[in-house]
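Reader: I would like to learn how to read a sheet, a pocket and a backbone angle from a model. Could you take me through them in turn?

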Amino acid sequence: MADLKYYDVIQKPIVTEKSMASMEEKKYTFAVHPDATKSQVNPEANKSQIKEAVEKMFDGVKVAKVNTMNNDGKKKRRGMVVGTTAKTKKAIVQLTEESKDIEIFAGL
């Protein structure tokens, strides 16, 4: 597993209609590094990497819960050549009630 720093874990925010609707419940969706929670022994310990990254990147934010999901690459064809797109990973971060909102999503 790669030695990830907190600024490597969060890649970009995911802005869709569903993720914008869940912002009212203080749930934010991010694309994260695929190796961010790759531990078979203790997966909860590596969800703490995502929690730590969000709390360090945004001031005044406290994370209550982190849910992650892996998306495998899709098969794509170009003529006779068959390949797959890259794997992705999403994290849905639930903030506590007393934490501040994340500033990136404020103007959207």
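**Reading the sheet**

Author: Let us begin with the sheet of this predicted model, where the strand order is the thing to read: the open sheet has 4 strands in the order β1-β2-β6-β3, and their pairing is antiparallel. The edge strands, each of which pairs on one side only, are β1 (10-13) and β3 (63-71). Neighbouring strands of this sheet are turned against each other by 30° on average, direction ignored.

Reader: Over how many bridges do β2 and β6 pair?

Author: Strand β2, residues 27-32, and strand β6, residues 88-95, pair in the antiparallel sense over 6 bridges. Within β6, Gln94 is the bridge partner of Lys27.

Reader: Which elements give two or more residues to the lining of the largest pocket?

Author: A pocket is best read by its volume and then by its lining. The largest pocket holds about 210 Å³ of space, and its lining residues include Lys27, Thr29, Asn67, Met69, Lys90 and Ile92. Two or more lining residues come from each of α2 (17-21), β2, β3 and β6. Sorted by class, the lining has 3 nonpolar, 5 polar and 3 charged residues.

Reader: Where is Lys26 placed, and is Lys26 buried or exposed?

Author: Lys26 lies in the loop between α2 and β2, and its phi is near 60°, a positive value in a residue other than glycine. With a relative accessible area of 15%, Lys26 counts as buried, because that term applies to values under 20%.

Terms used. Residues numbered from 1 in each chain as written. Predicted model: local features only at pLDDT ≥ 70, side-chain atom pairs only at ≥ 80, totals over all residues. Heavy atoms only, no water. Pairing = 2+ DSSP bridges. Axes fitted to C-alpha atoms, helices over the stretch in contact; angles between N-to-C directions. 1 Å grid on protein atoms, 1.4 Å probe; cavity = no way out; pocket = protein on both sides within 12 Å on 5 of 7 lines; lining within 4 Å. Points joined across faces, edges and corners; volume = space filled by probe spheres on them. Nonpolar A, V, L, I, M, F, W, Y, C, P; charged D, E, K, R; others polar. Buried < 20%, exposed > 50% of the residue type's maximum accessible area, 1.4 Å probe, protein only.
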